[in-house]
Amino acid sequence: MPGLYARWMDNWERKLATRDTNRVVLPFDWGADWLAPIGLRANGNPAEAISGFVSAALADSDRFFAYDPVRDYRLAGGELLFTSAVHTPYPGNNTARARWFPARRHRGRALVVLPQWNSGPDGHVGLAKLLNRFGISALRMTMAYHAERRPPETARADFHCSSNVGRTIHASRQSVIDVRCCLDWLVQQGYHRIGILGTSLGSCIAFIAAAHDPRIRAGIFNHVSMYFSDVVWTGLSTQYVRKGFGEQVTQDDLRRYWSVISPASYLKRMKGRDLKSLLIWASHDSTFLPVYSRQVLDTFRELRLSHEVFNLPCGHYTTGQFPFNLLDGLAMCGFAARTL
């Protein structure tokens, strides 16, 4: 039987998780058309075609996450804008956006900051300003299909994570590449001690970017899980996404298809790197279940990757509530100040 604190935390989590009333169960779709332009070979069997596509992408992930350099960076009103290197049918999503918070005495230190799934335009702005107090500049990037990049026909950032298998892969790839383009801009501005900070979905994108870009010297992963699909399949906040799959795929199937956008596939790439990581997990997390977070901690130990661990005595949604948000923010900023 869970104790009094655990029951109280679970009730608080569920109350926060059910506040939104605009969740829509989208129909299942293989989404092979989203992957055809980047290498999928259609053969009349979408499951088989996507499986082959994923195998090829994993075998040469440097190529999968490669991109053409951005040539139209523009900074206006404290916001960095540029044309995403990944094209989509949605004009608003094709413009990448990142709010810029330069620190006065940064000593060449900067973090790319990625908020959580469905974050609004003000998500992690307070954290970016707190990083400034620690002498670290922050470039808070809006991930694909979020906030101003969200297509008008959608109420949430469901095009980044949904029961459309191929579109979810495509969106995650776009966010990873947009991050790398942000790194290019920071280097052009003279920053050379660069890190990345991601929360929830942002943590997954940050993992993949860090594994593929050696310019990242510090990674702060706020809520961790080995596989993208396990969070979607078992998390409280993603049950409406899980319903969209129906009986079309199993949890194991989806783990395979979405392995190309999962940290588990790339952790070995971090071996031998001068990359320091902070792994944050919550004991009562209802979305990134602790069993999956512990898999990440175990793997980091097994691979002997340089890392620190910070455990929050709360859940996923409650991480954003006082006093846990303060504890979380100070832990992240302190780690960044020590390691960059």
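**Cysteines, the parallel strands and salt bridges**

C204 is buried, with a relative accessible area of 9%. This value, like those that follow, comes from a predicted model. A search for disulfides gave a count of 0. C182 takes part in no disulfide, as the nearest cysteine sulfur, belonging to C181, lies 7.3 Å away, whereas the cut-off for such a pair is 2.5 Å. C204 is likewise in no disulfide, the nearest cysteine sulfur being that of C161 at 9.5 Å. C182 has a relative accessibility of 0% and therefore counts as buried.

Helix α6 comprises 24 residues, from 165 to 188. From its first C-alpha to its last, α6 reaches 36 Å, close to the 34 Å expected at 1.5 Å a residue. The helix is mostly covered, with 22 of its 24 residues buried. At the start of α6, a side-chain oxygen of N164 comes to within 3.4 Å of the backbone nitrogen of G166. Just after the helix, G190 adopts a positive phi of about 100°.

Strand β6 (residues 193-199) and strand β7 run parallel and are joined by 6 bridges. I194 has I216, in β7, as its bridge partner. Together with helix α7 (residues 201-212), strands β6 and β7 form a β-α-β unit, and this unit is right-handed. Strand β7 also pairs with strand β8 (residues 276-282), again in the parallel sense, over 5 bridges. In this pairing, F221 is matched with L279 of β8. Strand β7 spans residues 216-222, and because 6 of its 7 residues are buried, the strand is largely enclosed by the rest of the structure.

Across the whole structure, 14 salt bridges were found. Side chains of opposite charge can pair when their charged atoms come close. One of these salt bridges joins the side chains of D62 and R269, with an N to O distance of 2.7 Å. Distant parts of the chain are linked by this pair: D62 belongs to helix α4 (residues 61-64), while R269 is in the loop between α10 (251-257) and β8, a separation of 207 residues. Both side chains are at intermediate accessibility, a class that lies between the limits of 20% and 50%. D62 is partly exposed at a relative accessible area of 42%, and R269 is partly exposed at 31%.

A further salt bridge is formed by R180 and D213, whose closest N and O atoms are 3.0 Å apart. This pair also connects distant parts of the chain, with R180 in helix α6 and D213 in the loop between α7 and β7, 33 residues apart. R180 and D213 are both buried. The pair belongs to a network of salt bridges that links R180, D184, D213 and R215.

Within helix α10, the side chains of R255 and D252 meet in a salt bridge with an N to O distance of 2.7 Å. R255 and D252 are 3 residues apart in this helix and are therefore separated by about one helical turn. R255 has a relative accessibility of 22% and so counts as partly exposed, whereas D252 is exposed, with a relative accessible area of 53%.

How values were computed:
Residues are numbered from 1 along each chain as its sequence is written. This is a predicted model: local features need pLDDT of at least 70, side-chain atom pairs count only at pLDDT 80 or more; totals for chains, interfaces and linings use all residues. Side-chain values use heavy atoms; hydrogens and water are left out. Buried means under 20% relative accessible area, exposed over 50%, partly exposed in between (1.4 Å probe, protein chains only). Helices (H or I, at least four residues) and strands (E, at least two) are DSSP runs, numbered from the N terminus. The expected span of a helix is 1.5 Å times one less than its number of residues. A polar contact is a pair of N or O atoms within 3.5 Å; within protein, one must be able to donate a hydrogen and the other to accept it, and residues adjacent in sequence count only if both atoms are side-chain atoms. Two strands pair if DSSP finds at least two bridges between them. A crossover is right-handed if, with the strands pointing away from the viewer, the path from the first strand over the helix to the second runs clockwise. A salt bridge is a side-chain nitrogen of Lys or Arg within 4 Å of a carboxyl oxygen of Asp or Glu.
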